[in-house]
Amino acid sequence: MTATATRPSWHSANQRHLSQALGQIRQALTHQIAQRSDAEQPDLATRPSPDGTVSPEDADLLSSTPSSLQLICRSFGLSDFERQALLLCAGMELEGQWSELCLAASGSAHPTFGLALSLFPTANWAALTPSAPLRRWQLVEVGGGNTLVNSPLRIDERILHYLTGIQYIDQRLQALMSPVHHSGALIPSHERLVNTIEQTWQGARSPDRFPVIQLVGDDPNSLSAIAATACYRSGLSIQALALEALPTDWQQLKQLQTLCEREYILSGTTLLLNCENFGRETRERQSAATTFINGVNLPLILITPDRQRQQQRPIISLEVARPSTTEQRDLWQLGLQGMDVSQEQVTALVSQFNLSPSDIQTICQQGNAQQNTTQLWNLCRTQARPRLDELAQRITARASWDSLVLPEKEQHILQTLSAHVAQRARVYEDWGFGDKNGRGLGISALFAGASGTGKTTAAEVISRDLNLDLYRVDLSSVVSKYIGETEKNLRRIFDAAEGGGVILLFDEADALFGKRSDVSDSKDRYANMEVSYLLQRMESYRGLAILTTNLKNSMDQAFLRRLRFVVQFPFPDAKQRAEIWRRVFPSDTPTEGLVYERLAKLSIAGGNIRNIALNAAFIAADAGEPVMMRHLLQAAKQEYLKLERPLTDAEVKGWV
C-alpha cells in the first residue's frame, strides 16, 4: 500500500485529539478526588488516562486542517479555562463513568461551574457571565439550580456532535430553513452580479462589516440562483429563511439570531432572507425583520421584488433584470438541442415570451424530439400563467374573425393591431427600431363603444389569432381610495404579466379615466398620477394591453394621444344586426323559419342579440322543437324587460 493510502484520515485524528484532551480533564478530576480527605474511590482515582502525546502523523494532519476542538476555541475565542469547562461537559456525554468522577470530585453527578472553578488553575469568574463565549454562543446550557455555580451544565448537542467531527444544521434551524443549491451556469448579466457580490465580501474583513446584499427582481428563482452561486464560489453554504418564519417575540428573535451566527461560525452557513411579502406583513413582523437584518452578524442576502429602504446596516442593492433577448435566445438554443426547432421559431418564442432562465429550462425539460412548435408555444403559455391567475380572470378565447361584425375600417384597425404584436420582434430588434427609441414600445389600445358592441369579443379574436392568453382585469376592483394603493395593485398585475405571452384587457376603464380638469385638491392630483402610472406601464409592457370604455368622450385627449390604437365600436345598424343574427347560432343548433331581416329590426347591440338567441334556444329545447321565431319573440320580451325598454309592434311585426 502507498503512503497516501495508509495515512490516517482527519476524522480519526480528530477523534484521537479529542480523546487526548478529555484524558487531561480526567486527570484533573482524579487529582481532585485524591485530594478529597473523605474520598475512597481508588478505582476511579487510579484509572489510567490516555497518553497526552499526539502522534507525528496526527500532528501533521491537524496542522493543515485543525481539529474540531481547535476550531471551536479559535472561532469563539475561548480561554484555556473555557476550553476546559467545555470539555468537562463533553466528557459527560462521551465517557462512560464521567458522572461517577464528578460525583466523587464535587458531590454532584453533573458538571458545574463550581467544579470547573475548583478543578482548573486558570479559572476565571468572568467566564461564567452571559456575555462570555460559553453562554453567549450557547456552547453549554445551564440547568435549574439554586445557585449559578452549583447548577448542572450540559454541552449543546450541536456543539457535541461538531467536536466529534459531525456536521449538520442545528435542528432548531432546520425547521425554519431550507437549503439553496448551486444550480450551475448563469446567464452573463447574472454572472456579473455574482462577481459584484464576491468582490463586496472580499472587501469585508469581519462578519459585522458585511453589508447586506439586496437582490431586487420579480423572479425569485433567478435571485436564489445568483445568491447560491455567489456563496458557492465564496466557500459558503446558504440556507433560505422565509420572512414569515421570524418570531416577533424579542427573546425568541435574539435566540434565532445567535443560532444563525453560531451556525455561520461552525459551518460557513449564510442566510437568504425572502422578503417578497414584506409590504403585506404586519408592522410587528416588519419590525422583527428590520431588527434581525440590522443585528445578525453574517453575510446576509435579501431577495425582494421592491427595493427596501436603507437600514442601520449598510445595504447594497442590485437590480436583477430578466434575461435580455440575446440571453433568452441562447438559453432556448441550449435547451432545445436535439429538437427540430428552427432559428426563426426560437426568435418567435423570444419575441412573445419574456421568461426567466428557470422557466425556459423547465419548458425544455418537458420537451422531446417529436414535439412541434405549437406544443412548445403552448408550454410557454402555461408556464407564464400561475403568477397572473391570482390577480386577473383568464378568458378562454373561442371567437374568430368571423365572429366580428364591424365596419371595414374598424376591422382593418384590429387586424393591424394583431400584426403589430406578431411582428414586434422583427421591427424592434431585426430592423433596429427598439435601439433607436427605447420609450413607448409597448402596444396599447383603447376599445370604445356601448355595452355589447363587441369590445371583449374583439380582444378574444386577437388572442386566438396570436395564440396568446387573454386576461381580464376589472379596473373598478383595482382602483383604491387609499393613496398609492391603486399603483401597487397595477404594478402587481403588470409585473406578473411580464412573463410574456399575455394580453391584458382592462375592463371598465371609466373607473379610472375621466376628463382631466384643473388640479384643485390632492385627490385630483393623485387621480391623475394613477392614470399616468397605468399609461406608463402600458407603454413599457412587452405584451398587448387593451383598455375598454363606454364613454370615450369623457377621456382627456392628452391620455388618448399616449395610446397607439383607438378603436370605436359603433352601434350596429340594421344590416350589421342581420349579419349578427345569421352568425349567432352554432351550426349544430336546429332552426326553422328564421327571418333575419325581421330580427334585425330589434334596435339592440350584439351582446343583447346573443342573450336572446341563447334564451330562445333553451325555450325551444324545453319544448322539443327547433328554434323558431316565436321562441325568439318570447326571449326578446324577457331581454327588453331586463333593459327596461318597451318592445314595440314595429320591431316584432310579422314575427309570428
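This report walks through how some helices, rings and loops fit together in one protein chain.

**The overall picture**

Keep in mind that you're looking at a predicted model. The chain has 656 residues, and 48% of them count as buried. Its secondary structure comes to 33 helices and 14 strands. If you take the contacts with a separation of 6 or more, 76% of them are between residues 24 or more positions apart.

**Two helix pairs**

Let's start with helices α17 (residues 343-352) and α19 (373-384). Their axes come within 11 Å and cross at roughly 20°. An angle under 35 degrees counts as roughly parallel, so that is what α17 is to α19. The crossing is right-handed. On the α17 side, the contact is made by Gln 345, Ala 348, Leu 349 and Gln 352, and on the α19 side by Thr 373, Leu 376, Trp 377 and Cys 380. Why might residues like these share a side of a helix? An α-helix has 3.6 residues a turn, so residues three or four places apart point the same way.

Now look at α31 (residues 606-623) and α32 (residues 629-643). Here the axes are 8 Å apart, and the helices pack at an angle of about 130°. That angle makes α31 and α32 oblique to each other. Their crossing is right-handed. Among the residues that meet are Asn 608, Ile 612 and Ala 616 in α31, and Leu 632, Ala 636 and Leu 643 in α32.

**A helix under cover**

Helix α18 (residues 357-366) has these buried residues: Pro 357, Ser 358, Asp 359, Ile 360, Ile 363 and Cys 364. And what covers them? The cover includes α12 (188-202), α13 (220-233), α16 (325-335) and α19, which you've just met.

**Rings and charges**

The structure holds seven aromatic pairs. Here are two of them:

| Pair | Arrangement | Centre to centre | Angle between planes |
|---|---|---|---|
| Phe 76 and Trp 137 | tilted | 5.5 Å | 55° |
| Trp 201 and Phe 210 | edge-to-face | 6.4 Å | 80° |

Phe 76 sits in helix α5 (residues 68-76), while Trp 137 is in the loop between α9 (133-136) and β1 (140-142), so this pair ties together parts that are 61 residues apart in sequence. Are these two rings buried or exposed? Phe 76 is buried, with a relative accessible area of 5%, and Trp 137 is buried too, at 14%. As for the other pair in the table, Trp 201 and Phe 210 are both buried.

Elsewhere, ring pairs link Phe 494, Phe 506 and Tyr 541 into a cluster.

Trp 137 has a charged partner as well: the charged end of Arg 136 sits over its ring, 3.9 Å from the centre. You can find another case at Tyr 168, where Arg 158 lies over the face of the ring, 5.1 Å from its centre.

**Two loop residues with a positive phi**

Right after Trp 137 comes Gln 138, which is in the loop between α9 and β1. Gln 138 isn't a glycine, yet it has a positive phi of about 55°. With 18% relative accessibility, it counts as buried.

Asn 467 isn't a glycine either, and has a positive phi of about 60°. Look for Asn 467 in the loop between α24 (455-466) and β11 (469-474). Is Asn 467 buried or partly exposed? At 25% relative accessibility, Asn 467 counts as partly exposed, because buried means under 20%.

Key
Residues are numbered from 1 along each chain as its sequence is written. This is a predicted model: local features need pLDDT of at least 70, side-chain atom pairs count only at pLDDT 80 or more; totals for chains, interfaces and linings use all residues. Side-chain values use heavy atoms; hydrogens and water are left out. Buried means under 20% relative accessible area, exposed over 50%, partly exposed in between (1.4 Å probe, protein chains only). Helices (H or I, at least four residues) and strands (E, at least two) are DSSP runs, numbered from the N terminus. Contact means heavy atoms within 4.5 Å. Rings of Phe, Tyr and Trp (its six-membered ring) pair if their centres lie within 6.5 Å; planes under 30 degrees apart count as stacked, over 60 as edge-to-face and the rest as tilted. A charge sits over a ring if NZ of Lys or CZ of Arg is within 6 Å of the ring centre and within 35 degrees of the ring normal. Axes are lines fitted to C-alpha atoms, for helices over the stretch in contact, and angles run from 0 to 180 degrees between N-to-C directions. Angles under 35 degrees count as roughly parallel, over 145 as roughly antiparallel, 65 to 115 as roughly perpendicular and the rest as oblique. A crossing is left-handed if the near helix is turned anticlockwise from the far one by less than a right angle, and right-handed if clockwise.
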